Amino acid sequence: MEEFQIIDNCLMVKLPREVDHHRASYICEQADRYLLQENVHHVIFDFEDTRFMDSSGIGIIMGRYKKIACFGGKVYAIHTDRQIQRILTVSGLHNIVKILE
Amino acid sequence: MVAEKEINNEGVCSQTGVYMKNEMELIFDAISNNESFARVAVAAFVSPLNPTLEEMADIKTAVSEAVTNSIIHGYENLYGYGRRGEVPVAHPSIKPGKVRLHCMLGGDVLHIEVEDKGKGIPDISQAMEPLFTTKPQLERSGMGFAFMEAFMDDLEVESEVGKGTIVRMKKKLGTDSWIGSEE
């Protein structure tokens with residue numbers, strides 16, 4: 001199950017096991033709720049539990065990036081496995097998302 | 001493409017040496033709940049060929065993209081209902097429609113066909129451009145076809161406005177070892 005947590009000025013989004021269109025709108029809605037309410041500058045996506053992601057996940061990341069980038073916010077990805085890294089690379093998103101080991 | 005034809009004619013898998021021309025057809029409702037069902041079913045279908053984890057992930061991603069396109073764009077069931085307290089399948093906002101998924105294994109080559117009877121694509125080459133989307137309000141990436149092209153070996157799209165769309169994809173399995181050694 002996805003989880004949202006605020007640590008300092010970062011929103012930590014723990015993504016579910018499968019990130020697809022079915023789950024995407026819920027994750028977007030919830031993440032935006034936190035982005036509006038709290039004093040959040042950066043967003044961290046945690047892929048620890050994620051075993052599958054398609055272009056819907058790219059949409060989630062791109063959408064959040066657009067919302068925070070104009071205020072100097074950054075997007076990070078942690079616990080990415082090889083497949084997730086591949087998806088981020090193929091989509092060109094590795095240029096705007098910092099992948100942390 | 002001569003090599004591929006030979007494989008099709010023989011229908012013999014080079015890994016297992018077994019003659020195989022399995023087929024699978026699924027017809028399911030165009031609702032977001034079925035996206036994971038479709039890709040898991042295809043994953044099970046190819047498992048006798050012992051695909052690598054990477055091949056399996058590629059196939060699942062491509063199937064997910066094609067099926068999601070049919071649901072969102074073909075039948076315009078825009079929203080995913082994977083939230084807590086899921087929307088029931090018979091919800092009035094969900095438009096009726098069926099997606100047909102056909103898979104065939106000819107030797108080492110997996111053929112996948114995803115068909116819908118939805119609204120069709122007026123300009124296929126534009127739709128296939130990366131980042132192009134007709135529904136920017138959904139915060140989707142416009143990468144669907146780009147992913148299908150990247151993760152499969154061959155992609156063909158046939159569509160008629162008002163009639164529907166067929167996406168055909170092919171992937172040859174068991175090529176990872178020599179791609180790996182090339183790098």
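Helices and strands are DSSP runs, numbered from the N terminus, with at least four residues for a helix and at least two for a strand. With that in hand, the predicted model can be read element by element.

A good place to start is His79 of chain A, a residue in the loop that leads from strand 6 to helix 3 (82–90) of chain A. His79(A) is not a glycine, yet its phi is positive, at about 55°. The relative accessible area of His79(A) is 43%. Since buried stops under 20% and exposed begins over 50%, His79(A) counts as partly exposed. Chain B offers a companion case: Leu131(B), also not a glycine, has a positive phi of about 75°. Leu131(B) sits in the loop between helix 4 (124–127) and helix 5 (144–151) of chain B, and its relative accessibility of 53% places it among exposed residues.

Strand 6, which comes before the loop of His79(A), belongs to the sheet of chain A. Five strands make up this open sheet, in the order 1-2-4-6-7 and with mixed pairing. Why do strand 1 (3–7) and strand 7 (97–100) of chain A each have one side without a neighbour in the sheet? Both stand at the edges and have a single partner strand each, so one side of each is left free of a neighbour in the sheet. On average, and ignoring direction, neighbouring strands of this sheet are turned by 25° against each other.

For strand 7 of chain A, the pairing with strand 6 (residues 75–78) of chain A is parallel and consists of four bridges. Within this part of the sheet, Tyr76(A) has Lys98(A), in strand 7 of chain A, as its bridge partner. Elsewhere in chain A, helix 1 (residues 21–37) lies across strand 1, strand 2 (10–14) and strand 4 (42–46), and runs at about 20° to strand 1.

The two chains also meet each other. In this interface, 30 residues of chain A are in contact with 33 residues of chain B. About 2500 Å² is buried between chain A and chain B, with carbon and sulfur atoms giving 49% of that area. Six salt bridges are found across the interface of chain A and chain B, including one between the side chains of Glu18(A) and Arg39(B), at 2.7 Å from N to O. Polar contacts across the interface join 14 residue pairs, both residues being at pLDDT 80 or more. On the side of chain A that touches chain B, two or more residues each come from helix 1, strand 5 (52–53), helix 2 (55–69) and helix 3 of chain A. Helix 2 of chain A gives the largest share of that side, nine residues.

Key:
Residues numbered from 1 in each chain as written. Chains lettered and ligands numbered in written order. Predicted model: local features only at pLDDT ≥ 70, side-chain atom pairs only at ≥ 80, totals over all residues. Heavy atoms only, no water. Pairing = 2+ DSSP bridges. Axes fitted to C-alpha atoms, helices over the stretch in contact; angles between N-to-C directions. Contact = heavy atoms within 4.5 Å. Buried < 20%, exposed > 50% of the residue type's maximum accessible area, 1.4 Å probe, protein only. Buried area = accessible area lost by both parts, 1.4 Å probe. Salt bridge = Lys/Arg side-chain N within 4 Å of Asp/Glu carboxyl O. Polar contact = N/O pair within 3.5 Å; in protein donor to acceptor, adjacent residues only side chain to side chain.
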